[in-house]
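Please open the structure in your viewer and keep the selection tool at hand. The tour moves from the whole chain to its annotated parts and ends at a single residue.

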Amino acid sequence: MNQIKKAGVVGSGTMGAGIVQLLIQNGHPTVMFDINQEAVDRARTGIEARLERLVEKQKISVNELTLAKELLESTTDINAFKDCQLVIEAAPEKIGIKRSIFQQLEEICAEDTILATNTSSLSITEISGQIKKPTRVAGLHFFNPAPIMPLVEVIQGLKTSPEVTETLIDFAKKINKNPVVCKDTPGFIVNRVARPFYNEALRIMNDQVASVEQIDRIMKGAGNFKMGPFELQDLIGIDINFATTKSVHAGFHGEDRFRPHYYQERMVQSGSLGRKTKGGFFSYDE
């Protein structure tokens, strides 16, 4: 089993930055890479601000804050991953982008470096299909916000080695997550289960049976959900949620039960993507 002394994360968006924060909070030297210096700087500032708020709330000490900052290396040079034992890709959900990244990582990293993807719905087997050693590729799917949500899906592609799966399970436990092993099926476990949750809520809203506010209030008050389907879409990103639904629908070869809703597509087309654009199903004026 590999010993992971240093990790890397590709991508500094919401999920990438969240995973980086999680890793440095748990004492792992971590390289955060993005192709854009402004994006890297913005992500680093956001991570440090969130850690400082944790100090204010007395959830971590000043010493832990200082150590976490020291453990973070941010860069636009992908070669910085060369001495990492684990690299987690958290790039946009485009199969072409992910395949290109994995091909680059294969050339840069050592042969025993584990290459993981944080994809929420794309096939691990397809992502690893064009690299020389697909046995070292697996899914490691965190949930937003990554530092808080306890579950992590460890997804086995058709050629993922058992040793890689075991190492990722062990690593997830060390960063205080609850890992669950999944087969490489569309949407894995959580996103497959969640599709009817979102889709049926959209249908109820569109049929004018109940409003967005009413549906969320009922799900939280009567269903004991922490967040309703619309509030949760706003947190995840409506574009991300829509892309996942399209991917799951395609993965099941067009099964009606996973068909995306046109209203969600219209939200994406309008640029109303949720919290990150300060407006989705709800408004987030600051």
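The stops below each give a selection and then describe what is found there.

**Stop 1: the whole chain**

Select the whole chain, which is a predicted model. In cartoon display, 11 helices and eight strands can be traced. Turn the chain along its principal axes: the C-alpha trace spans about 55 × 45 × 30 Å. How does the radius of gyration of the chain compare with that of a compact globule? For 286 residues, a compact globule would have a value near 19 Å, and the chain, with 19 Å, agrees with this.

Now consider contacts between residues at least 6 apart in sequence: 67% of them join residues at least 24 apart.

**Stop 2: the surface**

Switch to a surface display. The chain exposes about 14100 Å², and carbon and sulfur atoms supply 51% of that area. Of the 286 residues, 47% are buried. Colour the side chains by charge to find 34 positive and 35 negative ones. The centres of these two sets lie 2 Å apart.

**Stop 3: residues 6-185**

Select residues 6-185, where an unreviewed UniProt entry places the feature "domain: 3-hydroxyacyl-CoA dehydrogenase NAD binding". This span is 41% helix and 21% strand. The C-alpha atoms at its two ends are 30 Å apart.

**Stop 4: residues 187-284**

Next, select residues 187-284, annotated in the unreviewed UniProt entry as "domain: 3-hydroxyacyl-CoA dehydrogenase C-terminal". Here the content is 59% helix and 0% strand, and the end C-alpha atoms lie 29 Å apart.

**Stop 5: the listed binding-site residues**

Select Gly11, Ser12, Gly13, Thr14, Met15, Gly16, Asp34, Glu93, Lys98, Ser120, Asn144 and Lys276, which the unreviewed UniProt entry lists under "binding site". These residues are spread over 266 residues of sequence, and they are also spread in space, with up to 22.8 Å between C-alpha atoms.

**Stop 6: Ser12**

Finally, centre the view on Ser12, one of the residues listed under "binding site". Where along the chain is Ser12 found? Ser12 is in the loop between strand S1 (7-10) and helix H1 (14-25).

Is Ser12 buried or exposed? Its relative accessible area is 10%; the cut-off for buried is under 20%, so Ser12 counts as buried.

To see what surrounds Ser12, show its contacts beyond the neighbours within four places in sequence: Ala17, Met32, Phe33, Asp34, Ala39, Val40 and Ala43. Asp34 also appears in the "binding site" list.

How values were computed: Residues are numbered from 1 along each chain as its sequence is written. This is a predicted model: local features need pLDDT of at least 70, side-chain atom pairs count only at pLDDT 80 or more; totals for chains, interfaces and linings use all residues. Side-chain values use heavy atoms; hydrogens and water are left out. Helices (H or I, at least four residues) and strands (E, at least two) are DSSP runs, numbered from the N terminus. The radius of gyration is taken over C-alpha atoms; the globule rule is 2.2 Å times the number of residues to the power 0.38. Buried means under 20% relative accessible area, exposed over 50%, partly exposed in between (1.4 Å probe, protein chains only). Contact means heavy atoms within 4.5 Å. Accessible areas come from the Shrake-Rupley method with a 1.4 Å probe; for residues, only the protein chains shown count as cover. Lys and Arg count as positive and Asp and Glu as negative; His and the chain ends are not counted. The place of a charge is taken as NZ of Lys, CZ of Arg, CG of Asp or CD of Glu. UniProt positions are given in the numbering used here, feature names are shortened, and annotations may be inferred rather than shown by experiment.
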